[in-house]
Structures are given as structure tokens and as C-alpha cells.
Amino acid sequence: MINTPLRAIGISAVFIFLLPCFHAMSEEAAPAIIPLPLSMQVAPGAFSIDAQTALIAPDAAHTVATYLALRLRKVSGFKLPIRTRRVHNDSTTIVLRLAAGTEADTGEEGYRLSVRSGQVDILAATPAGLFYGVQTLLQMLPPDVHAPNPPRLAPGELRLPQVEIADRPRFSWRGLMIDVSRHFFSKQQLKKTIDAMAMHKLNVLHLHLTDDPGWRVEIEQYPKLTSVGAIGDRSNPRGPARLFFSKDDIRDIVEHARQQHILVVPEIDMPGHAEAAARAYPEFFDGEKTFNPANPDTYQFVKNILTEIMGLFPSGYLHFGGDEVRDHLWADLPEMDSFMQEHGYTSLHEVEEHFDRFVSNFIAEQGYTPIGWDEVVAFDVSPKTIVQWWLHLRPQARDQAIAKGHRIIISPTNYLYFDYPNAVGEPGAPWEGNDNGPNSLELIHQWEPVPDSYTEEEEAQVLGLQANLWTEFITTNDYYEYMIFPRLSALAEIAWSPKGNKDLDDFKKRLEVQCRRYEAMHINYRTPGEWPSDFTYITN
Ligand code: TNX
């Protein structure tokens, strides 16, 4: 009787005494990794990177080892040697191993990461898997490791907690689209975006290169596409500047992305959303902003452009748009009647189908995978076409694509449109009558993108997820980053981490560290729950 309360006091005293230590230990013990790995066991102990640490990597892993060595050199000044095998006087080693047999448990992009006191092991089936293991390793170090020019860390700060991680992505397509037509964003800004994507283990950068306000990519056979079509943007239609990427710029962006296992997928939007090209070559258009499908020469024009684009983007994917083909003047074209008669068409719907089928088949015949916005599902396009579902009010389009056997990418407006506001009253696309979010960080993180009703086979047709940054209203780099970050962290987590209950509180705790990383990267992220009142943005 007397013992009980005393014992209780004794026990709680021990707990009160120990709690801070446990806390401190668990802080070191649970690194803030975004996206959350599939499994992670943490134990007391650590691995310290110092001037004596060696990187061990076979030839096929050399590129990833060089990347890691460079990142570590920037923060430490250490020139860590890279060797193909251990030598006996190596004191501590970081071993990168490629083993084809591991594919069964890591998948193509997964990895295992083990940190013990004297050795770190990263094991994967592919260099991409090793690269993601390295990204996880970097997130275990202080946030400054992510700075473009990091300050030198003090010796002892390069400590990795002892962990065993097994990780692999849920989806193979983890993308972000940037619209460089409505407003142009520089090569430097795209490279900065690519670096941030790599930290999040995202792997597709989709560039919306053409639209009504501007044509943003050099095409040698049709120089007016940029000398005329690249003038101005949505805020300043008359320019004066020509804003576009030269072929060298594109090669530079593609290479920067490739080094970080990111594919750059070009979009040439057609037959609609093409006013910039129509200003340059009106002979292939309907008098306004839509390609003229009744002119036989239009098809050669399209083929020549797409051939140059494929030469420039080795990703193997080409997005041909196909969205919002409306307000065209096809019915007024003098050659339309005979075109329809010749093909036995009775509606302009069939004419649009004719065009989309031609373009998707041409892309597929060249060995590229065509991609179209979900409008194309209404047509008999190449079965190889990946359908990108965006119209959240039309889930039938998504389901129809699945039923027709297409692979799909999920990017509905009400979750993954990063041009939509984060919260009510905040900056974002102010489309009137549009269902405009808000697409909050929390909403995205808690969303299950694949309908429950899908069978396993249907789910396998879902390639993955993509967020889209349309830029009608986004005029500055600061605004652009404010809309992307930190929502990109939520996107990464639903695209990479396993299906199932996602712990929002835990995510938000990890996000605090992620925001320190954003600061190190000079990213103008939105502080969750706040936005600066002096922010200037267009509202119409
Ligand atoms: C719809 S999504 C569009 C874009 C706009 C966007 C604005 C899609 C395929 N078409 O042209 O920029 O909405 O949110």
C-alpha cells in the first residue's frame, strides 16, 4: 500500500530525468527524410565522415560516387578518394554497390542504405537507385549541405546516425511541369528547380514550351517561331524581348537534369494553344491560334518541328498537348469541306481526332512515347499514348483512359495545380467560376491519388503523379518558388512513399528541417500558415 505511490514517484522521477536524453537521442536518431522512406530502423551510434573516409565504388557506380564526393567536398573541404575496392588502411568507408539481383527487392529505383560506425553501404540495382540512396544520406547531414556554396562545416558535424533503410518509390513517374510560355523562366531558374527536384527524388521535368503568348524553343528549320513567336509574354504581349531557349540552352538543361536522374519531357501544345506559332507561320493555322488540319502542308510542318524536338530531348517522351481545342475557326476554312469529304468525316470532332491520331502515331513511329492531356482520350489515338488526367471534374476521362488500356499520369487541378492558391485569399490563379483549390500542403499530403475501386491491373496503368505550374499570373522567380515550395515536398511524399495512412504531424515535423534546406538553397518557400502581405501579384 505504502509502496505503490512511492514507486510511482520513483518511476516518474526516472522518466522525467531520462526524457530529455531520449528526446535528444531520438532527434539524432530519426533523421528528417522527405519523402519518407519505406522502412527505417535507427540505432544509437553514428558514422563520422572525416578526411580519412574513402568512397568505394565499382566503375558503374563511379558517376554517383563522384557526385557524392563533390557534394561532401563543398561542405568539408575533404577530397575523399574514390576507389574501386577497399585498401587495408582505409579507416572508414562509404561503399556504393550495384547488384542486379537486388532489383527484386529494391525495384529499379530503390536502394538499401546501412550506416554503421565504420562503414556506410548503399546498395541498388541501378545508378538511379544509388543516387536516391545518396539523396537520403545528404538529408541526414546538416541542412547547409544543400547550399549551392555551403559554408565549411566544423569537423564532427558530418555525422550520420546509425540506420538501416530499405526504400523504393511507389510510382515511377514523379513529375513537375513548368509553363515557360505564359511567362518565361530562365535556364538558371530551371536548373535551380532541377536541383530541388533531385533532393525530393522527383524524376520528370515537363516543360510546357509553347502556348499562345510565346514559342520558347529554337527550331532551326522555322526560325520565325522564335524571331516572331518568342516576342513578349502574357503580361507584355509586344515584348520587346525575345524570350526562348536556344538549342544549347536546352542541351545544358537536359544534361543538368540527366546528371540527377531527371528526364526532361518537352511539350509542343497542338492543335490549340498555338497562337505564338500562328503569328510566325500563319499559313499552317486557321487564322487565329489553332493549327489548320485541312492543309496537307501542316502535317509536314508538324513532323519537321517534332523531329527537331526529338533530336534535342533524348527522354523518349514527347507531349503533344491536345487540350482545350475550342474557339477555333476550322468551319470557316475554305479547304475544310473537301478535306472532310475526302475522309468521309461528318463532324469537326472527327477532324480533331484525325489530327491527334496523326501526331500521336508519328511520335510513336519515331520510337518516342506520345503524351496527351486527357481530352485526347475521346479519340482513337495511338494506344502507346500516355494520358495525363487534369480535369478533376471529369474523372470519366481518367477511367476511360484506363479502360482503353492507356497508361496514365495523375495531375488533377484540385490537388496538383501549383498555380492555384495554397489557402483562401492567398496568391494564385484567380480564374472566375473555376474551381480553384485551395490546394493546401495538407490536402495534397493526405490525398490518395488512386481510386479505391481500381483493380491491381488498373493501378498498374497509373504511371505516377505530376504537379503543374501554369504561369499566366506568375511573373517572378520569387512567386514561382512560393507556389512550388513546400507543396513539392507533399507531392514527393505521395509519389514516392508507400500507400496508406500518412502521418501529417510527422510530415510537418520533417518539413521544418526541409524548410532549413530550402533556406540553404535560397528558395523563396511559403512558410506554412503565413504569407507576406507585401507580395505583389497579378489578379486578372
Ligand atoms: C488549363 S491544364 C490548361 C492550361 C491553363 C490551366 C490554368 C491544361 C491542359 N490546360 O492551359 O494554364 O488550366 O490553371
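The following exchange goes through the terms applied to this predicted model and the values behind them.

Me: How do you know which residues and atoms the statements rest on?
Reply: The model is predicted, so local features need pLDDT of at least 70 and side-chain atom pairs count only at pLDDT 80 or more, while totals for chains, interfaces and linings use all residues. Residues are numbered from 1 along each chain as its sequence is written, and side-chain values use heavy atoms, with hydrogens and water left out.

Me: Why is the pair of arginine 170 and glutamate 459 called a salt bridge?
Reply: The term requires a side-chain nitrogen of Lys or Arg within 4 Å of a carboxyl oxygen of Asp or Glu. For arginine 170 and glutamate 459 the closest N and O atoms are 3.1 Å apart, so the pair qualifies. The structure holds 27 salt bridges.

Me: What makes this pair a link between distant parts of the chain?
Reply: Arginine 170 sits in the loop between strand E7 (159–167) and strand E8 (173–179), and glutamate 459 in helix H15 (residues 456–460), 289 residues apart. Helices (H or I, at least four residues) and strands (E, at least two) are DSSP runs, numbered from the N terminus. Arg170 and Glu459 also belong to a network of salt bridges with Glu448 and Lys499.

Me: Why is glutamate 459 called partly exposed?
Reply: Buried means under 20% relative accessible area, exposed over 50%, and partly exposed in between (1.4 Å probe, protein chains only). Glutamate 459 has 23%, so it falls in the middle class.

Me: How do glutamate 220 and lysine 247 compare with these cut-offs: buried or exposed?
Reply: Glutamate 220, at 52%, is exposed, whereas lysine 247, at 9%, is buried. The two form a salt bridge, with the closest N and O atoms 3.1 Å apart. Glutamate 220 lies in the loop between strand E9 (204–208) and helix H6 (224–227), and lysine 247 in helix H7 (residues 247–258), 27 residues apart.

Me: What places aspartate 506 and arginine 510 about one turn apart?
Reply: Both lie in helix H18 (residues 504–520), four residues apart. An α-helix has 3.6 residues a turn, so residues three or four places apart point the same way. The closest N and O atoms of aspartate 506 and arginine 510 are 3.0 Å apart, in a salt bridge. Aspartate 506 is partly exposed at 29%, and arginine 510 is buried at 6%.

Me: Why are E5 and E6 said to pair?
Reply: Two strands pair if DSSP finds at least two bridges between them. Strand E5 (residues 111–115) and strand E6 (residues 119–124) have four, in the antiparallel sense, so they pair. They form a hairpin with three residues between them. Leucine 113 stands opposite isoleucine 122, and arginine 112 opposite leucine 123.

Me: What is on the other side of E5?
Reply: In the open sheet of seven strands the order is E1-E7-E5-E6-E4-E2-E3, with mixed pairing. E5 and E7 pair in the antiparallel sense over four bridges, and isoleucine 165 in E7 is the bridge partner of leucine 113.

Me: What makes E1 and E3 the edge strands?
Reply: Strand E1 (39–48) and strand E3 (82–83) each pair on one side only.

Me: Why is E5 called largely enclosed?
Reply: Four of its five residues are buried, so E5 is largely enclosed by the rest of the structure.

Me: What makes helix H16 mostly covered?
Reply: In H16 (residues 477–484), six of the eight residues are buried, namely Tyr479, Tyr480, Glu481, Tyr482, Met483 and Ile484. These buried residues pack against E8, helix H5 (187–199), strand E15 (462–469) and helix H17 (487–496). Packing rests on contact, heavy atoms within 4.5 Å.

Me: How do you know that aspartate 419 makes a polar contact with the ligand?
Reply: A polar contact is a pair of N or O atoms within 3.5 Å; within protein, one must be able to donate a hydrogen and the other to accept it, and residues adjacent in sequence count only if both atoms are side-chain atoms. A polar side-chain atom of aspartate 419 lies 2.7 Å from an oxygen atom of the ligand, so the pair is within the limit. For arginine 182 the distance from a side-chain N or O atom to a ligand oxygen is 2.9 Å, and for glutamate 324 the distance to a ligand nitrogen is 3.4 Å.
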